[in-house]
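Work through the exercises below with the sequence and the 3D structure at hand. Each task is followed by its solution.

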Amino acid sequence: MVEAVEAEEAVDRAFAAALYTEGDAGLDTGASLLAAAPDADGELALRGREFVRRAWERGWQPADVVRIVRRDLDEPQVRILSTLVRAELARYERLPARWQEQVDELPGEAWRADRFSYATAVLELYRLLLRLPAIEPVGPVPGASPIGPPVHGEPKMLARIRALLAKAEATGFPEEAEALSAKAQELMARHSVDEALLAGRGPGGEVPGACRIGVDAPYETAKAILLDAVAGANHCRAVWSSELGFSTVVGFEGDLEAVELLYTSLLVQGTAAMTRAEAAQRAGGRKRTKTFRQSFLLAYAGRLGDLLAATARHVEEEFGGDLLPVLATRAVAVAGRAEEMFPKTVKTRVRGATDEDGWTHGRAAADRAHRGGKQKLSPSGD
């Protein structure tokens with residue numbers, strides 16, 4: 001009992017010095033107190049798990065916290081956080097949808113260092129966790145009753161789309177990547193329509209959900225525009241929180257899955273195309289790479305938005321007038337959910353592209369990523 005009290009006192013004193021004061025002056029004091037108190041390690045970990053729980057209660061999910069820790073701190077804190085998250089979530093028999101995937105992507109190895117360095121890193125992490133603002137939740141927290149129908153695994157169509165996009169990202173042949181990506185985009189549009197028609201014939205119990213997708217620097221404005229375009233083409237709404245480094249996408253579950261897949265793949269392909277184009281520019285003696293990249297990605301995002309929307313309209317027209325009332329009903333539901341979650345959104349002024357070569361190459365890359373989208377596929381996608 002005496003040791004437990006001493007451990008709590010050591011942690012309290014360290015926290016008072018490092019977490020509840022302004023500036024970094026107290027970090028060394030707090031770290032010294034913890035380094036000199038090895039018996040306090042267990043209490044320190046328990047306090048960390050409590051900070052993690054508070055983050056869940058304020059709307060954060062594991063991937064969200066990892067993203068902002070990686071942005072504002074460093075890899076040691078990410079590994080400490082991963083250990084805390086796994087320890088905390090091990091208490092629950094069942095995790096909410098999407099959480100297990102996020103946990104599986106956490107770094108696997110714990111971080112080791114001398115006691116003072118480790119204590120400093122822990123205090124820096126805890127200070128960040130303590131100051132996380134409340135954000136709009138996008139699902140239940142561990143231990144809460146699940147919302148919506150249970151998840152029974154990934155639909156076959158999404159699995160097929162995932163495989164096509166993975167091949168498009170991995171191939172070294174641009175023509176093959178273009179064909180694979182284009183087919184995946186049209187299959188995605190068909191999947192969205194099929195899901196809408198199926199829901200329209202059912203009892204009508206499904207409601208829109210939401211997920212968060214990272215939008216990281218650099219060139220985050222262009223990336224947010226690309227994500228907004230992908231979301232819109234898949235009957236979703238995206239709201240960008242620039243200060244927190246993510247967008248919240250609102251939509252029905254099948255469409256959310258499609259948005260995550262397609263955005264990630266198109267961003268990978270666009271970045272690779274930008275790197276190739278930039279290398280060619282440098283080989284010709286060009287040095288202004290930042291403006292080239294910014295203009296490239298803005299053009300890439302804008303052009304793909306037009307092309308994806310055209311593909312979605314093409315697919316929807318094939319299904320005839322019966323589809324329109326269903327899509328209209330779902331669009332109203334998505335818009336209502338987005339406005340409920342974010343009643344005070346503002347439009348962001350986008351700085352225009354200033355590099356003509358970057359703009360031209362970006363639009364060309366978008367056309368290549370989408371090429372073949374007008375090829376006729378059967379309704380089954382074969």
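On a 1 Å grid over the protein atoms alone, a cavity is a set of points where a 1.4 Å probe fits but cannot get out, and its lining residues have an atom within 4 Å of a point. The model is predicted: local features need pLDDT of at least 70, side-chain atom pairs count only at pLDDT 80 or more, and totals for chains, interfaces and linings use all residues. Residues are numbered from 1 along each chain as its sequence is written, and side-chain values use heavy atoms, with hydrogens and water left out.

**Exercise 1.** Find which residues line the second largest cavity.

Step 1. The search of the whole structure gives two cavities of 30 Å³ or more.
Step 2. The second largest holds about 40 Å³ of space, a volume being the space filled by probe spheres set on the points, with grid points joined across faces, edges and corners.
Step 3. Its lining consists of Trp 56, Gly 59, Trp 60, Gln 61, Trp 99, Pro 137, Val 138, Gly 139, Pro 140, Val 141 and Arg 212.
Step 4. By class, this lining has seven nonpolar, three polar and one charged; Ala, Val, Leu, Ile, Met, Phe, Trp, Tyr, Cys and Pro count as nonpolar, Asp, Glu, Lys and Arg as charged, and the others, Gly among them, as polar.

**Exercise 2.** Describe the lining of the largest cavity.

Step 1. The space in the largest cavity is about 70 Å³.
Step 2. Among its lining residues are Gln 185, Met 188, Asn 234 and Thr 311.
Step 3. The lining of the largest cavity comprises six nonpolar, three polar and no charged residues.

Notes:
1 Å grid on protein atoms, 1.4 Å probe; cavity = no way out; pocket = protein on both sides within 12 Å on 5 of 7 lines; lining within 4 Å.
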